[in-house]
Amino acid sequence: MEKALLEIVDAIKAGNRTLDAAWLDKLVRRHNRATHDANRRVAKRRLLPFYLGVKARDPQRWESWDVDPATEEALLGLLKMKPRRTASGVATITVITKPWPCSSDCLYCPNDVRMPKSYLADEPACQRAERNYFDPYLQVRSRLVALREMGHVTDKIELIVLGGTWNDYPQEYQLWFVRELFRALNEMEPEADAGNAWKRPEPKVSQTDDAATDNPERRDRRYRACGLTYDQEALQASTRELQRLVDDGACTYNQAIARINGRASWQQASAWQHATLDDLRKQHAINEAAAHRVVGLCIETRPDLITSESACFMRQLGCTKVQMGIQSLDQRILQTNHRKATVGQIEQAFVVLRRAGFKIQIHFMANLLGSTPQADRKDYRTLVSDPRFLPDEVKLYPCCLVQSSRLGDYYERGLWRPYPEGELVELLAQDVLVTPAYVRISRMIRDISATDIVAGNKKTNLRQMVEAQVSKTAAATGQSVQEIRQREVATADVDVSDLRLDSVLYRTTVSDEHFLQWVTPQNRIAGFLRLSLPHDGTEAMIREVHVYGRVAGIHEPSRGAAQHAGLGRQLVEEACARAAAAGYQAINVISSVGTRPYYRGLGFVDGELYQRRTLA
Ligand code: SF4
């Protein structure tokens, strides 16, 4: 490993211009051909942890390598895996809640009794969750370790909480779950960033807080003492009969989960899964100055469960973004697919979330039972043009048939068929082309493994296929792509002097929205802000501020990275100026816990749910 690493260092120092992933692959293959000892084989993904490990544990050896700062920067850039994962400026950690009954029973939804509703045991985040007993603390720590091993900076974290329907879980569980997310980040020692990536650092142990005294190892033992396991065979054996009953229609998913949760093992584990708002607020306060700050917290729920009260509670948890399963805006299709939420409830949920300042991400499905490509096309246009809706982000999933879902009956009777691939790609490409400049299409496929899909898209590169079709259509018709994700500067360096501040104005049923964006001469997007001017209030709302660029540490400016060029501050000042000019007396920001200090620096004052600046 050392030989390979030093060859890379030498190549960087020599100014070799061909240092890219392909060059690295060749070098790794060459070193592996030269060794016949399987234990000494070089793995690309282990080079970075090896380098960081030696730097932290064996400084003399590291010094002998003579790696100057410029060489190190190039080395880290070359060895970092999956750079896009933090290209949006933030490291994302997805966690999964424990299996729990869902108050809807949608036809296409998987019924894997080892998982929360709608998830499957072999999705990557689900595997991680199951290995960690669905414990939020353990999930966060294991993900942090993995991100560091891949070379990502982890000082700014977006937490995404997935699994079933969040508002169906008891509030005390919600409080505990979120408190543990924060606590895991607060207790991760910052020195680990300097290279202790290969091991779980010991957290600081408080002797005064009973629930807070267990470190990862003790926590693991505690779950095992309850009789829980992450052994795959044991898990399968313990749920096989219930899964068979669900698959045969003899029992519902909710009934099966009630039986599993009624077992002594889960009863015991659940006994400590509760917390109070005060407990959570203590962790929020610590996180403001922690090495791993929460800059976004997203939860997943259904529109019919969004009320002013639930929105207020989500805000108290520290939530900044709500993922809402909509799937369709056609009442007939919603009913046909046994969706509980109605179009009226969807409309109302948009009103509540927008007024409360949340960033609104929605799930939308093509190819639902009873739909056609023409109807889907029309439905998506309604979503992105009707002032009752207009989301900020979309997960655009084509429906597919997974083994355990009730859609299987309809498939067998010939009542549902997946669209042919070409038709699906064309439909999604058309959707991308009509997506406005203020909407980001975050995903086009779920992380479902091909073996779980009975019928429907199995291509993991569906998005690339759609993008190719978009380029083709755009070239033929002269249309241009406005959608955010395809315009992001991503991992590219940004020359700040090239950027221009552009604005897109649009109107919803309850507000005038100003989407302020920094764009390059080629219309690539380097940062944006969402300003909401409500029709019936005196206070404006900043719903989101996001600046792209390669991730740099909060305290370590990075050359060329857009995050540290004051772009965010200028966006906020522009929003304040616009709100003041429109006659608003104050402006609120739906800040995340970890960004509160930043907004205080910009003159905002802490309030109960938001930070506020007067505009007089
Ligand atoms: S609301 Fe979501 S989790 Fe619940 S059944 Fe429907 S798709 Fe599945």
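**Reading the sheets and helices**

Mentor: Glutamate 539 stands opposite alanine 586 in β14. These two residues belong to a region where four bridges join strand β13 (residues 539–547) to strand β14 (residues 586–589), and please keep in mind that we are looking at a predicted model.

Trainee: What makes β13 and β14 a pair of strands, and in which direction do they run?

Mentor: Two strands count as paired if at least two bridges are found between them; β13 and β14 are joined by four bridges, and therefore they meet the requirement. The two strands run parallel.

Trainee: Which sheet holds these strands, and what makes a strand an edge strand there?

Mentor: Seven strands form an open sheet, ordered β10-β11-β12-β13-β14-β16-β15, and the pairing is mixed. At its edges stand β10 (500–507) and β15 (605–606), each of which pairs on one side only. Helix α21 (residues 567–581) packs on this sheet, where it touches β10, β11 (511–519), β12, β13, β14 and β16 (611–614), and its direction makes about 25 degrees with that of β12.

Trainee: Leucine 533 lies in strand β12 (residues 525–534); why is it buried?

Mentor: The cut-off for a buried residue is 20 or more other C-beta atoms within 10 Å. Leucine 533 has 21 of them within that distance, so it is buried. Leaving aside neighbours within four places in sequence, its contacts are Ser511, Asp512, Ala540, Ala579, Ala582 and Tyr584. Leucine 533 also lies 9.2 Å from isoleucine 587, C-alpha to C-alpha, although 54 residues separate the two in sequence.

Trainee: Is valine 42, in the loop between α2 (21–34) and α3 (44–57), buried or exposed, and how do you know?

Mentor: Valine 42 has 20 other C-beta atoms within 10 Å, and because 20 or more is what the word requires, valine 42 counts as buried. Beyond its neighbours within four places in sequence, valine 42 is in contact with Met1, Ala4, Val28, His31 and Asn32.

Trainee: What makes the phi of aspartate 66 and that of histidine 338 worth a remark?

Mentor: Most residues other than glycine have a negative phi. Aspartate 66 is not a glycine, yet its phi is positive, about 55 degrees, and histidine 338, also a residue other than glycine, has a positive phi near 60 degrees. Aspartate 66 sits in the loop between α4 (59–65) and α5 (69–79), whereas histidine 338 sits in the loop between α15 (331–336) and α16 (343–355).

Trainee: Why does aspartate 66 count as exposed, and why is histidine 338 called partly exposed?

Mentor: A residue is exposed if 12 or fewer other C-beta atoms lie within 10 Å, and partly exposed if the count falls between that and the 20 of a buried residue. Aspartate 66 has 10 such neighbours, so it counts as exposed; histidine 338 has 14, so it is partly exposed.

Trainee: Why is helix α7 (residues 136–149) said to be largely enclosed by the rest of the structure?

Mentor: Eleven of the 14 residues of α7 are buried, and that is why the helix is described in this way. The buried residues include Pro136, Tyr137, Leu138 and Arg148, and what covers the buried residues includes β1 (91–96), α6 (124–131), α8 (171–187) and α9 (216–225). From its first C-alpha to its last, α7 reaches 20 Å, close to the 20 Å expected at 1.5 Å a residue.

Trainee: How do you know that helix α17 (residues 373–385) is roughly parallel to helix α19 (residues 421–434)?

Mentor: The two helices pack at an angle of about 20 degrees, with their axes 10 Å apart. Angles under 35 degrees count as roughly parallel, so α17 is roughly parallel to α19. The contact is made by residues that include Pro373, Asp376 and Tyr380 of α17 and Glu423, Leu427 and Val434 of α19, and α17 passes α19 in a right-handed crossing.

Trainee: Which strands form the sheet that begins with β1, and what is their pairing?

Mentor: Seven strands form this open sheet, in the order β1-β2-β3-β4-β5-β6-β8, and the pairing is parallel. Its edge strands are β1 and β8 (440–443), and the twist averages 25 degrees from one strand to the next. Within the sheet, six bridges join β2 (residues 156–162) to β3 (residues 293–301), with isoleucine 160 opposite cysteine 298 in β3.

Technical notes
Residues are numbered from 1 along each chain as its sequence is written. This is a predicted model: local features need pLDDT of at least 70, side-chain atom pairs count only at pLDDT 80 or more; totals for chains, interfaces and linings use all residues. The expected span of a helix is 1.5 Å times one less than its number of residues. Two residues are in contact if their C-beta atoms, placed from the backbone, lie within 7 Å. Axes are lines fitted to C-alpha atoms, for helices over the stretch in contact, and angles run from 0 to 180 degrees between N-to-C directions. Angles under 35 degrees count as roughly parallel, over 145 as roughly antiparallel, 65 to 115 as roughly perpendicular and the rest as oblique. A crossing is left-handed if the near helix is turned anticlockwise from the far one by less than a right angle, and right-handed if clockwise.
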